Amino acid sequence: MPEAKVGKNRMHLDLRVADLDAEVDRLVALGARRRTTDPIEEAGWSWHVLTDPEDNEFCVLRPPS
């Protein structure tokens with residue numbers, strides 16, 4: 001979209017992965033920025049919130065074992 005982000009995301013992605021740390025590191029190397037320093041934990045799920053270069057938030061999640 002040509003307009004700058006001024007409010008909520010137009011869409012929110014949740015990426016489910018087996019290795020949370022490795023995937024977050026890979027995405028940061030590609031230009032993503034972390035919004036969380038430590039993973040959020042809830043009901044066995046662990047995740048980080050990141051942003052893309054246009055400041056759109058997305059989550060990278062590891063499901064319960």
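Select Met11 to begin, which is found in the segment before β1; helices (H or I, at least four residues) and strands (E, at least two) are here DSSP runs, numbered from the N terminus. The model is a predicted one, in which local features need pLDDT of at least 70 and side-chain atom pairs count only at pLDDT 80 or more, while totals for chains, interfaces and linings use all residues. Residues are numbered from 1 along each chain as its sequence is written, and side-chain values use heavy atoms, with hydrogens and water left out.

**The patch at Met11**

Met11 counts as exposed because its relative accessibility is 61%, where exposed means over 50% relative accessible area, buried under 20%, and partly exposed in between (1.4 Å probe, protein chains only). Add Leu13 and Leu15 to the selection, and the three residues Met11, Leu13 and Leu15 make a nonpolar surface patch of about 290 Å². Patches are made of residues with over 30% relative accessible area and no salt bridge, with like charges joined within 9 Å and nonpolar side chains (Val, Leu, Ile, Met, Phe, Trp, Tyr) within 5 Å. Accessible areas come from the Shrake-Rupley method with a 1.4 Å probe, and for residues only the protein chains shown count as cover.

**The whole chain**

Now zoom out and colour by secondary structure: the chain has 1 helix and 5 strands, and read along the sequence these follow the pattern β-α-β-β-β-β. Of the 65 residues, 28% count as buried, and the accessible surface of the chain comes to about 4,700 Å², of which 53% belongs to carbon and sulfur atoms. Among contacts (heavy atoms within 4.5 Å) between residues at least 6 apart in sequence, 38% join residues at least 24 apart.

**Along helix α1**

Select residues 20-29, which form helix α1, and show the side chains of Leu20, Glu23, Val24 and Leu27, which are buried. These four cover an arc of only 100° around the axis, taken from the directions from the helix axis to the C-beta atoms, and therefore lie on the same side of α1. The buried residues of α1 pack against β1 (13-16), β2 (33-34), β4 (45-51) and β5 (57-62).

At the start of α1, a side-chain oxygen of Asp19 reaches to within 3.5 Å of the backbone nitrogen of Asp21. Just after the helix, Gly31 takes a positive phi of about 120°.

**Salt bridges**

Staying on α1, pick Glu23 and Arg26, which form a salt bridge with the closest N and O atoms 2.7 Å apart; the term requires a side-chain nitrogen of Lys or Arg within 4 Å of a carboxyl oxygen of Asp or Glu. Being 3 residues apart in helix α1, Glu23 and Arg26 are separated by about one helical turn. Glu23 counts as buried at 18% relative accessibility, whereas Arg26, at 43%, counts as partly exposed. By this rule the count of salt bridges comes to 4.

Which side chain meets that of Arg33 in a salt bridge? Select Asp55, whose side chain pairs with that of Arg33 at 3.2 Å, N to O. Asp55 lies in the loop between β4 and β5 and Arg33 in strand β2, so the pair ties together parts that are 22 residues apart in sequence. Both partners are partly exposed, Asp55 with a relative accessible area of 30% and Arg33 at 38% relative accessibility.

Extend the selection to Arg35, with which Asp55 also forms a salt bridge, the closest N and O atoms being 2.6 Å apart. Since Arg35 lies in the loop between β2 and β3 (40-42), this pair ties together parts that are 20 residues apart in sequence. Arg35 is itself partly exposed, with a relative accessible area of 44%, and salt bridges that share partners join Arg33, Arg35 and Asp55 into one network.

**Thr36 and its contacts**

Finish at Thr36, which lies in the loop between β2 and β3. Is Thr36 buried or exposed? At 13% relative accessibility, Thr36 counts as buried.

Leaving aside neighbours within four places in sequence, Thr36 is in contact with His48 and Val49. Its side chain makes a polar contact with the side chain of His48 at 2.9 Å, and the backbone nitrogen of Val49 lies 3.1 Å from a polar atom of the Thr36 side chain. A polar contact is a pair of N or O atoms within 3.5 Å; within protein, one must be able to donate a hydrogen and the other to accept it, and residues adjacent in sequence count only if both atoms are side-chain atoms.
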